[in-house]
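Let's take a walk through this structure together. Have the sequence and the 3D view ready, and follow along.

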Amino acid sequence: MEFQITKNAKNLIYGLIGTGLVLTGIGLATGMGDDHFSTRLLTNGIINGFFFFSLGLGALFFLALSYATETGWYASVKRVIEGVAGFLPYGMAIFGLVLLTITFMHGAHIYIWMDPDMTDPTSHHYDKIIDGKSAYLNPIFFWIRTLVYFSVYLIFLRGFQKRSIEEDRIGGTELHFKNYRKGATFLVFFAVFSSTSAWDWLMSIDAHWFSTLFGWYTFAGMWCSTMVVLVMTTLYLKSLGHLEKVNDSHIHDLGKWTFATSFLWSYLFFSQFMLIWYANIGEEVTYYQMRIENFKVIYFSMFVINFAFPMLILMSRDAKRNIGVLISIGLVILCGHWLDVYIMVSGGSLGMHAHIGSLEIGMALLMAGIFIYTVLNNLTKVPLTPVNHPFLDESVHHEI
Amino acid sequence: MSDKVIYVMYDDDEVLKDGAKKLVSKGVKINEVFSPFPIHGIDPIIGVKQTRLGIMAFLYGLTGLTVATLGMRYFMVVDWPMNIGGKPNFSYLQNMLAFVPITFEFTVLCAAHGMAITYLLLNKTLPGMPAQNPDPRTTDDKFVMEIRLNENPSMSEGDLDAIIKETGFIEIDKKDIK
């Protein structure tokens, strides 16, 4: 409504999509015919499909969390969170399309458990471990679960969006308490789904390997990237003169969330890594052996980026209130978490054949362009500041 | 040096805040405000400097990090190499991962305790220290502003009284200190 996509933003979006298309085209032209090309293409589909989908999902989670905990300060940035969460249906469509293609290709060497030969005792590809897991890891149950996740997320997202606009019109606390209940209910679903969906979509790429921590690890990375996106979107809208009720303290709080979730992610990274390193069991170490052998430099630099950067730079109060620091650190962390997803996925699907070329970068830029366009477009459709949120007054006077 | 201190009592934090704004705008220096709970936004009004406790916490944390690293290297590698799960026990660096949890815990322990003790010490509120607030009612439902005469050399006591009278206080109390 009050916000329109500016000319600069349009140029950025077209630039990203254009560069993305060109690089993807180069990648397609040069890579076509390679042995692992289709696997590589679909691996990129999962990486970018999941990464950008997870940004929307993280925003939905944060919205539900704020409702369930009756948080006050976030009321004036609520529409930004909703705008980012609004990417969810588009993310689902893209990610779902990639998953569907992979299913029709019998796993495309990514989800090897989708290959019927793996569970056929007469085949010479027969894999006893995967056969043992086939009660859970089979295409039909996989799709049932995926559709359940998608539909639950979508139902809650629609509900929150609808009530948010309605609240502007009617006011009162009835809608607020409904949001409160729905937020808490969502968290119950999300507590289970965040783990199981990470197992289904990402962990099952390394079908022999498992880690109970994997779901939280993926979730922490997602949450951190989402907070970065929220900070940057808020700062962007603020720089255009919108969100006049957002002050330094809100920015500071969003920065704090970025800082805290970076730690959460590093903590879970380390917990998973150290336990497996210490126990040193053959079945478990394969995951890290594969990644350290083939991705040594990016794997550890990714950890340094996602841990040390936010720790050292975002620690001070002034840094969390400095727009330049927040934006530059945010971009770096965002790339770091993209690399994290990149290694999670291609470490299992391509292993030693994986490398970052123009296809990888091109597809990421393309998706980033679509993501930014969708989020900004969502923001043009609603008033940027809610008027009847019961905690709006508290949020306006937020001071830390 | 002798000095006179004025305690002005209010029964509402917003009234005190407005009063403080009025006093400061007329050039009065307010030395301290006593309140049963933190008053949002009072710090910039009376000119309290941003706390440097965070910097101290960082330094205490660094101390903890260093002590833990040196200590564990000495205990587990140099003095008596410990063989745990067959991990390399001749080198700190190769076995570093095993030491991370303890390093982390000790860093947090030092930062938290150092910060808490520094805070209590600076505020003179360590257990057993005499109370600093002028009136026990400031721990219940009253708010007191403290103004010192020799911090306001440009104003006489009468000038101050006249300005304070406009701020809606409920009680005023003066004390000579040596």
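Start inside chain A of this predicted model, at H3(A). Here Lys78(A), Arg79(A), Val80(A), Ile81(A), Glu82(A), Gly83(A), Val84(A) and Ala85(A) are buried. That makes 8 of the 8 residues of this helix, which runs over residues 78–85, so the helix is largely enclosed by the rest of the structure. Buried here means that a residue has 20 or more other C-beta atoms within 10 Å of its own.

What do the buried residues of H3(A) pack against? The answer is a set of helices of chain A: H2 (37–68), H4 (88–104), H6 (139–170), H8 (214–239) and H13 (358–380).

Now hop over to chain B, where you'll find 5 helices and 4 strands. Follow the sequence and they come in the pattern β-α-β-α-α-α-β-α-β. Of the 178 residues of chain B, just 14% count as buried. Its radius of gyration is 25 Å, while a compact globule of 178 residues would have one near 16 Å. Along the principal axes, the C-alpha trace of chain B spans about 80 × 35 × 30 Å. As for contacts in chain B between residues at least 6 apart in sequence, 75% of them join residues at least 24 apart.

Finally, look at where the two chains meet: 7 residues of chain B are in contact with 6 residues of chain A. On the chain B side, helix H4 (residues 96–122) of chain B gives the largest share, with 3 residues. Sort that side by class and you get 3 nonpolar residues, 4 polar ones and no charged ones.

Conventions:
Residues numbered from 1 in each chain as written. Chains lettered and ligands numbered in written order. Predicted model: local features only at pLDDT ≥ 70, side-chain atom pairs only at ≥ 80, totals over all residues. Helix = DSSP H or I, 4+ residues; strand = E, 2+ residues; numbered from the N terminus. Rg over C-alpha atoms; globule rule 2.2 N^0.38 Å. Buried ≥ 20, exposed ≤ 12 C-beta atoms within 10 Å, placed from the backbone. Nonpolar A, V, L, I, M, F, W, Y, C, P; charged D, E, K, R; others polar.
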